[in-house]
Amino acid sequence: KQVKRSSTLNNNKVLGYPISIFFIVVNEFCERFSYYGMRAVLVLYFKYFLRWDNDLATSIYHTFVALCYLTPILGAIIADSWLGKFKTIIYLSIVYAIGQVTMAVSAIHDITDKDRDGTPDNMTFHVAMSMVGLFLIALGTGGIKPCVSAFGGDQFSEHQVRQRRTFFSVFYLCINGGSLLSTIITPILRAQECGIYTQEKCYSLAFGVPAALMVVALVVFIVGSGMYYKAEPQGNIMLDVCKCIGFAISNRVRHRGKQYPKRKHWMDWAEDRYDKLLIAQIKMVLKVLFLYIPLPMFWTLFDQKGSRWTLQATTMDGNFGALVIQPDQMQTVNPILILTLVPIMDSLIYPLIQKCVNFTPLRRMTVGMLMAAIAFVCAGLVQIEIDKTLPTFPSASQSQLKLLNMGNSPLTVNLTGLDPIDLPAVVNLEMKTIPLAKGKRQTLLIPSNTAEEWLFVNGMGMALNVSTPGVYVGLIDSSYYSNYSLVNNGKIIFTIWSDTQACNYSREFGFGSSYTFYIPGNLSNPHTCQNDITATEDIKPNTAHMALQIPQYFFITAGEVMFSVTGLEFSYSQAPNNMKAVLQAGWLLTVAIGNFIVLIVAEVAKIPEQWAEYILFASLLIVVCVIFSIMAHFYTYINPAEIEAQFMKKGDDNDEDDKKQLQKGMEMVKRNSTGSHSYDGDDDDDERKKTKM
């Protein structure tokens, strides 16, 4: 098999590299673009398309992310134990692509928009489709995550060390490149207007492009199938480790009486069945995994970049002059800072600190946790500034009512429990009972002709059409209203027309603002349209700038570099080579648990003030940081290679003893067979002696 592998690899090379790796690199770039592009707009899709509140959107988002970090363990076991890496990548990539296409279809609002008002009529269909799509994506992206990089490494022969190292550098560059580009591009696609009957935010395009990239990734990978070296499944070390640990526990339970001698370590109870070297390797891994216990709290904070922080950005001003940043594009600050901070940390910061103190890997991780906590303190302070600019929204037990007088004479309104309210310009008032929905904001329009129904905009005696270049508001009947419509920030020109006349009305819109426009009944001159239409500002534009988020992104990214990069480096240095897959599985498990913690806090705690939730997470991480620092203080660094060498040496010594004993026995047999020929023992006795020897 090794000879066949070498000949296959040597026959297909370009500049010393196997041709097959080019297909793998392109596949990885497209797959990462697909995943991060979809994930960048996901929480806004939940909030604005599926109409979920912030807590539910956050919970489902982090459930999805947690599944994406649980399924790699399943993918590794399938690849190493049954299908092999190549087939696992193919099959799960098909599942992945189906999931992305399903997400794109779920975001097409025209499928169930029968009344063509821009809002889906059957939201259950869209929710069900999106949940199925996300499950398939989590299964696909997680399943192939541990396989692709390892499959790429398999394409190199043993002597191609330099080429293999270069491949992994390019491979991880493709991961960051795909992530960065997709996080920039897909929010732009989402902000476009699209639709068959009505023009709405184009989530279907934002999901459709990543779906197309995933299909391209699959096709490219299949095209190179004839050039790959495909290793046969060799078994999964994680299963062996679990079996060994399980046997040690069960054996310890069976021998828990005082009559049984104690052993130094509970894993020593596995010596009855498993090799001592394997047990020693598992002990080293367990020491590292014990340090993993506090780590999920870091990921609890870190992964909220894509949920809580993105939702925070929706209440901020993204106008940077010539550049307008979408809320979900602020996530690009993270990969940009990573590419900047990693070389600065390695070449400048760490050496300077090392001159003052012994900046061990565990101390770096502790500082990384503190950085993440500081980031959330910054997020809390930013949220306090944002709250100052937001309107007072009703709580779940309150309602709000806004009165707009559309008549031509003043009016006094009496509401139970409140002082009389004077409204200018009203003709008549007719008392009506107004049902108020708790937790909502309502607008009460008092019409000039009270025989009509409640109205919103059109005060004229004829139906009017209202549209902009990107949005058709619709036909508004006389003395009636239109639905709220979402428009882009900046200057918008509305065209208002009927069968007999038309005029243009322009307005500058800021991020997050909300307006009600009243078209008066005496509007007749198209040249005075701009001055005659009355605008009431329901919600003021966002005044807190998105640039305020940059400090929290800086601290969370600095924390990631010090925590994540250092953590993996430390873990791999403290475990044997054949146990790195176990540590990777444990590391991914901490990420998944961290996302589940966000889910619990969002759904159970129900903290009313968002800034308080940020401070809560920061406080929890500081507490965990103290615990981790204590654990790190008592940790003793080891050299796995030296420990393994000691066991190998013991094994060699035992082999030498066995060889000496065997040689003595052979000499004894030889003397017996070449000595006295008058030996009178029977054949059975002679056979018995040989068997014993």
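These legends describe close-up views of a predicted model.

**Figure 1. The whole protein, a predicted model with 20 helices and 16 strands.** Of the 693 residues in the protein, 46% are buried. The accessible surface comes to about 35100 Å². Carbon and sulfur atoms account for 60% of that surface. Contacts often link distant parts of the sequence: among those between residues at least 6 apart, 73% join residues at least 24 apart.

**Figure 2. Confidence along the protein.** The average pLDDT is 81. A score of at least 70 is reached by 84% of the residues. Helix α11 has the highest confidence, with a mean of 95. Helix α20 (residues 683-692) has the lowest, with a mean of 36. Two stretches stay under 50 in pLDDT: residues 426-434 and residues 668-693. For residues 426-434 the model has 24 contacts beyond four places in sequence. For residues 668-693 it has 4 such contacts. Where pLDDT is low, the predicted coordinates should not be read in detail.

**Figure 3. A nonpolar patch on the surface.** Trp82, Leu83, Tyr91, Ile94 and Ile98 make this patch. Its area is about 520 Å². Two helices, α4 (54-83) and α5 (85-106), each supply at least two of its residues. Helix α5 gives the most, with 3 residues. Tyr91 sits in α5. The relative accessible area of Tyr91 is 43%, so this residue counts as partly exposed.

**Figure 4. Thr112 and its contacts.** Thr112 belongs to the loop between α5 and α6 (123-154). Its relative accessible area is 8%, so Thr112 is buried. Beyond its neighbours within four places in sequence, Thr112 touches Pro120, Asp121, Asn122, Phe125 and His126.

**Figure 5. A buried salt bridge between Asp328 and Arg190.** Side chains of opposite charge can pair when their charged atoms come close. Here the N to O distance is 2.7 Å. Asp328 lies in the loop between β6 (323-324) and α13 (333-356), and Arg190 lies in helix α7 (residues 161-190), so the pair ties together parts that are 138 residues apart in sequence. Both Asp328 and Arg190 are buried.

**Figure 6. Further salt bridges, from a count of 11 in the model.** Lys201 pairs with Glu193. Their closest N and O atoms are 3.6 Å apart. Lys201 has 19% relative accessibility, which means that it counts as buried. Another salt bridge joins the side chains of Asp272 and Arg263, at 3.9 Å from N to O. Asp272 is exposed, with a relative accessible area of 52%. Arg263 is partly exposed, at 30% relative accessibility. Elsewhere, Glu28, Glu31 and Arg32 are joined into one network by salt bridges that share partners.

**Figure 7. Helix α2 (residues 20-40), largely enclosed by the rest of the structure.** The helix has 21 residues. Its end C-alpha atoms are 31 Å apart. At 1.5 Å a residue, a span of 30 Å is expected, so the two values agree. In α2, 17 of the 21 residues are buried, and therefore the helix is largely enclosed.

**Figure 8. Helix α18 (residues 610-633) and its packing partners.** This helix has 24 residues. From its first C-alpha to its last, α18 reaches 35 Å, close to the 34 Å expected. The buried residues of α18 include Tyr614, Phe617, Leu621, Val624, Cys625 and Phe628. An α-helix has 3.6 residues a turn, so residues three or four places apart point the same way. The buried residues of α18 pack against α10 (276-291), α11 (296-302), α12 (308-313), α14 (361-389) and α17 (580-605).

**Figure 9. Ile374 and Ser619, distant in sequence.** Ile374 lies in helix α14. Its relative accessible area is 37%, so Ile374 is partly exposed. Ile374 and Ser619 are 245 residues apart in sequence. In space, their C-alpha atoms are 9.7 Å apart.

Note on methods
Residues are numbered from 1 along each chain as its sequence is written. This is a predicted model: local features need pLDDT of at least 70, side-chain atom pairs count only at pLDDT 80 or more; totals for chains, interfaces and linings use all residues. Side-chain values use heavy atoms; hydrogens and water are left out. Patches are made of residues with over 30% relative accessible area and no salt bridge: like charges are joined within 9 Å, nonpolar side chains (Val, Leu, Ile, Met, Phe, Trp, Tyr) within 5 Å. Accessible areas come from the Shrake-Rupley method with a 1.4 Å probe; for residues, only the protein chains shown count as cover. A salt bridge is a side-chain nitrogen of Lys or Arg within 4 Å of a carboxyl oxygen of Asp or Glu. Helices (H or I, at least four residues) and strands (E, at least two) are DSSP runs, numbered from the N terminus. Buried means under 20% relative accessible area, exposed over 50%, partly exposed in between (1.4 Å probe, protein chains only). The expected span of a helix is 1.5 Å times one less than its number of residues. Contact means heavy atoms within 4.5 Å. pLDDT is the predictor's confidence in each residue, from 0 to 100.
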